[in-house]
Amino acid sequence: MGLMSMFGQPKEQAETFPFQLTDTEWRERLTPEQYRILRGHGTERAGSCALNYEKRAGTFSCVGCGQKLFTSHKKFESGTGWPSFDQPLEGAVGATEDFSHGMHRVEVHCANCGGHLGHVFPDGPPPTGLRYCINGEVMTFEPAEA
Ligand SMILES: [Zn+2]
């Protein structure tokens, strides 16, 4: 069965997002690596981002627009070298089918700015069975108040 069916009807490719910047503004706002991933559908090197090893309680947000995406209690150690979650915050991310690199995957992006975050795979732990494989470079982490 198609993983996309879990996300409702396929969206138009020309989806527009509430938070919009020009290309110049994105380049000013992001580091070159963040721009490459978030705006260019890039992927960071596995194990390269410190957020992969973040164990504290807190919230992960989009580096592009600040939208809260994931909480730490939905994070799990997937062994892939990328921060992995079994569930995003309600309404925080969108998904599109991705046929790049000769694979059929489901791409995950920020629902507010449309920035590319990573992919979702159907091999995560229960109860969702999903693995959101996210580039840590395009998220910020805010520890919960102690
Ligand atoms: Zn965003």
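## Exercises on a zinc site and its two sheets

The donor residues of the zinc ion follow the sequence spacing C-x2-C-x44-C-x2-C. Residues are numbered from 1 along each chain as its sequence is written. The model is predicted, so that local features need pLDDT of at least 70 and side-chain atom pairs count only at pLDDT 80 or more, while totals for chains, interfaces and linings use all residues; side-chain values use heavy atoms, with hydrogens and water left out.

**Exercise 1.** Determine which atoms coordinate the zinc ion, and what geometry the site has.

*Solution.* Step one is to collect the donors, defined as N, O and S atoms within 2.8 Å of the metal (3.2 Å for Na, K and Ca); water is not among the atoms, so sites may look incomplete. The search returns the SG atoms of Cys62, Cys65, Cys110 and Cys113, at 2.3 to 2.4 Å.

Step two is to examine the angles. Four donors count as tetrahedral if all angles lie between 85 and 135 degrees; four count as square planar and six as octahedral if opposite donors are over 155 degrees apart and all others between 65 and 115, and anything else is irregular. Here the angles among the 4 donor atoms are 99 to 115°, and the site is tetrahedral.

Step three is to place the donors in the fold, where strands (E, at least two residues) and helices (H or I, at least four) are DSSP runs numbered from the N terminus. Cys65 lies in the loop between strand 1 (58-62) and strand 2 (68-71), whereas Cys110 belongs to strand 6 (residues 105-110), so the pair ties together parts that are 45 residues apart in sequence.

**Exercise 2.** State whether Cys62, Cys65, Cys110 and Cys113 are buried or exposed, and count the disulfides.

*Solution.* Buried means under 20% relative accessible area, exposed over 50%, and partly exposed in between (1.4 Å probe, protein chains only). The relative accessible area is 2% for Cys62, 16% for Cys65, 0% for Cys110 and 3% for Cys113. Cys62 is thus buried, as are Cys65, Cys110 and Cys113. With a disulfide defined as a pair of cysteine sulfur atoms within 2.5 Å, the count comes to 0.

**Exercise 3.** Derive the order of the 3 strands in the open sheet that contains strand 1.

*Solution.* Two strands pair if DSSP finds at least two bridges between them. Strand 1 and strand 2 meet this criterion with 3 bridges in the antiparallel sense; Thr59 has Thr71 of strand 2 as its bridge partner. The resulting order is 2-1-9, with antiparallel pairing. Strand 2 and strand 9 (139-143) stand at the edges with a single partner strand each, so one side of each lacks a neighbour in the sheet.

**Exercise 4.** Describe the surroundings of strand 6 in the open sheet of 6 strands.

*Solution.* The order is 3-4-8-7-6-5, with antiparallel pairing. On one side, strand 5 pairs with strand 6 over 6 bridges, and Gly94 has His109 as its bridge partner. These strands form a hairpin with 6 residues between them, in whose turn His101 has a positive phi of about 55°.

On the other side, 4 bridges join strand 6 to strand 7 (residues 116-121), with Val106 opposite Val120. This hairpin has 5 residues between its strands, and Gly114 in the turn has a positive phi of about 80°.

Finally, 6 of the 6 residues of strand 6 are buried, so this strand is largely enclosed by the rest of the structure.
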